[in-house]
Amino acid sequence: MSNIFYKYNPQTLSYERVFPSLKQRFLAVCRHLLIGVIIGGILFGITFFYLDSPQEQQLRKENKLLLTQYQILSKQIDANEKVLEELQKRDDDLYRILFNADPIPASIRRPGVGGTNRYEKLLTMPNSDLVISTTAKLDMMTKQLYVQSNSYDELMTLIKTKEERTQNVPSIMPLSSKQMKGISSGYGMRIHPVHGNARMHTGVDLKASMGTPIYATGNGTVESAKWNGGYGNTVVINHGFGYKTLYAHCRQMKVKPGQKVVRGQQIATVGSTGTATGPHLHYEVLVRDRHDNPAKYFFLDLSPAEYEQMLFEVENR
């Protein structure tokens with residue numbers, strides 16, 4: 001029902017009906033449309049910005065659940081990292097020492113995780129800081145587990161070759177204890193008896209009579225048997241597993257390069273060749289090309305008390 005308008009006419013003292021013009025009707029329609037658009041816009045804005053659709057409400061719930069799951073995952077990774085650190089410490093400080101394997105360097109234990117752009121695609125995700133930090137932790141743990149797995153594989157190989165390793169590692173004295181006359185020089189810094197200057201003595205000098213038999217201290221392969229400067233006639237045996245032994249100042253060498261030898265086999269005789277001041281055997285043990293105190297490898301020939309006394313003599317001569 002349309003509105004009817006009246007206007008008071010003072011001359012006739014009566015109300016007369018007013019018929020709006022076409023223009024007025026058009027403007028009225030426009031005004032109503034404008035008001036409707038404004039009210040509709042306000043209602044749309046309220047609905048769009050302040051009221052969530054069912055789909056948006058579901059997405060909000062899913063995002064909240066995802067955030068909670070990331071937080072739980074991050075805490076679990078932190079806990080697992082502590083367990084992995086304990087395994088790594090036990091590996092380096094116990095297992096690898098038992099099998100005389102070098103500890104794994106920290107640079108390999110904790111490698112890098114890639115360039116700065118590695119996680120750039122995650123920056124657009126909600127709670128990107130948490131997502132990136134959790135992903136980086138997981139990447140690091142994956143690499144550490146790979147390194148640890150390889151370490152255990154290496155240890156398994158050492159376990160399988162334990163019997164061979166036991167036979168090869170030098171573990172007896174190169175001279176018979178009955179024929180040895182003592183230690184003339186121990187392992188460490190000393191004044192050289194010929195040159196008179198302080199230098200590192202990388203082996204032990206065992207006194208014995210000229211011609212006393214010298215024995216291989218472990219199974220292995222003769223790497224060299226030749227004249228070696230101040231060492232004189234020298235035999236070097238490669239025992240595998242990173243071990244080598246050197247026997248210097250020999251009178252006679254009874255083995256040749258490439259020859260297989262077993263522990264206790266005679267390889268030479270005591271002499272005074274090279275820069276020796278008298279008959280004796282200069283004996284060295286090298287582990288991965290680094291010198292070690294040879295007296296530490298005499299344990300099969302000595303009782304615990306004799307072994308301790310031997311170490312004391314070597315360190316104090």
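A nonpolar core is a set of buried Ala, Val, Leu, Ile, Met, Phe, Trp, Tyr and Cys residues joined through side-chain atoms within 4.5 Å. Keep that in mind for the exercises below, and remember that this is a predicted model.

**Exercise 1. Find the largest nonpolar core and say which elements build it.**

Solution.
Step 1: Start with the size. The largest nonpolar core holds 29 residues.
Step 2: Look for its centre of contacts. Leu-175, Ile-214, Val-235, Tyr-247 and Ile-267 have the most contacts inside this core.
Step 3: Now ask where the residues come from. Two or more residues each are given by β6 (204–207), β8 (220–227), β9, β10, β12 (266–270) and β13. The top contributor is β13, with four residues.
Step 4: Take one member and list its partners. Setting aside residues up to four places away in sequence, Val-235 touches Val-222, Ser-224, Ala-225, Thr-245, Leu-246, Tyr-247, Met-253, Val-255 and Ile-267. Tyr-247 and Ile-267, which are named in Step 2, are among these partners.
Step 5: Add the background. In soluble globular proteins, nonpolar side chains tend to be buried together.

**Exercise 2. Describe the surroundings of His-282: is the residue buried or exposed, and which side chain does its own side chain meet in a polar contact?**

Solution.
Step 1: Place the residue. His-282 belongs to strand β13.
Step 2: Check the accessibility. His-282 has a relative accessible area of 4%, so the residue is buried, the cut-off being under 20%.
Step 3: Identify the polar partner. The side chains of His-282 and Asp-205 make a polar contact at 2.9 Å.
Step 4: Widen the view. Beyond its neighbours within four places in sequence, His-282 is in contact with His-201, Thr-202, Gly-203, Val-204, Asp-205, Tyr-231, Leu-246, Tyr-247, Ala-248 and His-249.

**Exercise 3. Compare the settings of Phe-241 and Arg-288, and give the sign of phi for each.**

Solution.
Step 1: Recall the usual case. Most residues other than glycine have a negative phi.
Step 2: Read the angles. Phi is near 55° for Phe-241 and near 50° for Arg-288, a positive value in each.
Step 3: Locate both residues. Phe-241 sits in the loop between β9 (233–240) and β10 (243–253), while Arg-288 is in the loop between β13 (280–287) and β14 (290–292).
Step 4: Classify their exposure. Phe-241 is partly exposed because its relative accessibility is 22%; Arg-288, at 31%, is also partly exposed.

**Exercise 4. Two isoleucines to classify: where do Ile-4 and Ile-132 lie, and is each one buried or partly exposed?**

Solution.
Step 1: Ile-4 is in the segment before β1 (5–9). Its relative accessible area is 42%, so Ile-4 is partly exposed.
Step 2: Ile-4 joins Tyr-6, Tyr-8, Leu-13 and Tyr-15 in a nonpolar surface patch, with about 620 Å² of accessible area together.
Step 3: Ile-132 is in helix α4 (residues 128–160). With a relative accessible area of 18%, Ile-132 counts as buried.
Step 4: Ile-132 lies twelve residues from Glu-120 in sequence, and their C-alpha atoms are 8.9 Å apart.

**Exercise 5. Summarise the whole chain: how many helices and strands does the chain have?**

Solution.
Step 1: Count the elements: six helices and 14 strands.
Step 2: Of the 317 residues in the chain, 34% are buried.
Step 3: Among contacts with a separation of 6 or more, 61% link residues 24 or more positions apart.
Step 4: The accessible surface comes to about 20300 Å², and carbon and sulfur atoms account for 58% of this surface.

Technical notes:
Residues numbered from 1 in each chain as written. Predicted model: local features only at pLDDT ≥ 70, side-chain atom pairs only at ≥ 80, totals over all residues. Heavy atoms only, no water. Patch = residues over 30% accessible without salt bridge, like charges linked within 9 Å, V, L, I, M, F, W, Y side chains within 5 Å. Areas by Shrake-Rupley, 256 points an atom, 1.4 Å probe, with all protein chains shown as cover. Salt bridge = Lys/Arg side-chain N within 4 Å of Asp/Glu carboxyl O. Buried < 20%, exposed > 50% of the residue type's maximum accessible area, 1.4 Å probe, protein only. Polar contact = N/O pair within 3.5 Å; in protein donor to acceptor, adjacent residues only side chain to side chain. Contact = heavy atoms within 4.5 Å.
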